[in-house]
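User: Please take a close look at the salt bridges in this model. I would like to know which residues pair up, where they sit and how far each is buried.

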Amino acid sequence: MIQKNNLNLFLKRENQNKNTQKRKERMALNPLYIFFSFIFITVAVLTGCGGNTQTLPDLIVRHCKDMNFTKLPLGGQKSDEEAMVEVLSGVYSKALKANAADSPELLEYVIDSLGSRGYVAVDWENQVNMENGELALAFCTAVEQRRDAELTILSVAYNGEFRTYDIKSRQGHVEVVRTYYRFDKNGALQYDNQVRYFPGVWEYTEEGYLIFEGSYYTDENYILTYSDTLEHVALRILPLDKTCRELNRKYILPIGYSKNNLLLTDWSEQDFGELDFYDLFERFFTMLYGYPSPCIPDDDVNTGVIYQIPASVFEYVTGAYLKADRRILVAKGILLSEDGMYLYKPRGFYEGEYPDIPYPEVTEYTENQDGTITLTVNAVYPEENTSRAFSHRTVIRPLSEEDFQYVSNEMIPPEKAYDHWWHSNRLTEEAWQDLYGGNILWKQYNMLNDY
């Protein structure tokens, strides 16, 4: 990451040079999966992936040619293809040289630049509002009304990768051509791969998402699994309130749903319920210091690791984002030895989670009189073709510009109970002893300068 001042200077210069308009408001993890992933990577390395430098093909510049749509003006005298190359290849190549390609600000700038030239554009993870979403919404209407229409959506990633969805509707029957592109370290545009499929699921949701699912055939995947590849796509069309996005980035996304249950269960400062403080130690450590906890499992999956962590370290980390003292930790079953060391067992091989999980999205917020903020959050889960797998209300207490505490979480009752099948709880003490009791490795936490 480049320094913020350098990044602002870079973006300002780009805006001045291009005279762009003002930016708009806008299963539990199993060994079989690991084995297949390893084999697939090996095959890709041995056989090679498509990597010839190419100009953008026609499909990437095709944009709402159906007579029912009005194409937005591109501005200037440049053609569609020249404009695309200028925005994507030009901006990314300069950003890569400036070491700014992974910046959220740059991503917003790229999507805004694409939108100003008439393209329907959104980021890969739906963290930036879609540009020209009204055209995507009009296309969804055309599909519902069984009218012929065409649309190209550009989905941009932080790392210089992007994909295009070239979508056609013929009397309500939808066809998708998805193409991957990427920029190499020299900023040269690379074509990666392209697939075609007819979605078995196509839905515009109440939350404002276009969701579709389809399967396609590849030789590599068929060799590994003897089946087609299933692709799930969720693209937010309706814009989300800017403050909701900021609150989500600051308070909810950092903790997320991975390997912890802070946002998956009911709890409050009066009753911490089923919160797992061991999991929270790991998550809070990363939030505090910007890198993973050094307390990791052993390479040998048959070895159980127990770390001895000084009480001052464990209590500082777990208390950084929760109003919980030693009394609470001990009451929750956190083991404290006679010499004042907390005993901590990192998640092992048998406590992994399914790799594709939902991501949180703040949709509403309320500023309370006591200074806390209540956030209403939807879990968006492309894997299940839903923009609201479950919902919850999370209360946070800002302490300063950077510091805050989680106050409570309340699951919002759905029409039917939701099964967090992708989440894995830690092993019970009995199960842990059965697996590792005969082979335990004790380790001392020795990074006392981290806090």
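Analyst: What follows goes through the salt bridges one pair at a time, with their surroundings. The model is a predicted one. Its protein chain has twelve helices and 16 strands, and 48% of the 451 residues are buried. The structure holds 14 salt bridges, and three of them are described here.

In one of these, Asp279 pairs with Arg347, with 2.9 Å between the closest N and O atoms. Asp279 belongs to helix α9 (residues 277-289), while Arg347 is in the loop between β11 (341-344) and β12, so the bridge ties together parts that are 68 residues apart in sequence. Both partners fall under the 20% cut-off for burial. Asp279 is buried because its relative accessible area is 3%, and Arg347 is buried at 8% relative accessibility.

Another bridge starts from the loop that carries Arg347. Glu429 and Lys345 form a salt bridge whose closest N and O atoms are 2.6 Å apart. Here Glu429 lies in helix α12 (residues 429-436) and Lys345 in the loop between β11 and β12, a pair that links distant parts of the chain, 84 residues apart. The two ends differ in exposure: Glu429 is partly exposed, with 44% relative accessibility, whereas Lys345 counts as buried at 16%. Some bridges also share partners, and in this way Asp276, Asp279, Arg347 and Arg426 are joined into one network.

The remaining pair is Arg326 with Glu315, whose side chains meet in a salt bridge at 2.4 Å, N to O. Arg326 is in helix α11 (residues 326-331) and Glu315 in helix α10 (residues 311-318), with their positions eleven residues apart in sequence. Arg326 is partly exposed, with a relative accessible area of 38%, and Glu315 is partly exposed as well, at 21%.

Strand β12 also figures in the cover of a helix. In helix α8 (residues 242-252), the buried residues are Cys244, Arg245, Leu247, Asn248, Tyr251 and Ile252. They lie on the same side of α8, because the arc they cover around the axis is only 165°. The elements covering them include β8 (229-236), β12 (359-367), β13, β14 and β15 (404-412). At the start of α8, a side-chain oxygen of Asp241 comes within 2.9 Å of the backbone nitrogen of Thr243.

How values were computed
Residues are numbered from 1 along each chain as its sequence is written. This is a predicted model: local features need pLDDT of at least 70, side-chain atom pairs count only at pLDDT 80 or more; totals for chains, interfaces and linings use all residues. Side-chain values use heavy atoms; hydrogens and water are left out. Helices (H or I, at least four residues) and strands (E, at least two) are DSSP runs, numbered from the N terminus. Buried means under 20% relative accessible area, exposed over 50%, partly exposed in between (1.4 Å probe, protein chains only). The arc is that of the directions from the helix axis to the C-beta atoms. Contact means heavy atoms within 4.5 Å. A polar contact is a pair of N or O atoms within 3.5 Å; within protein, one must be able to donate a hydrogen and the other to accept it, and residues adjacent in sequence count only if both atoms are side-chain atoms. A salt bridge is a side-chain nitrogen of Lys or Arg within 4 Å of a carboxyl oxygen of Asp or Glu.
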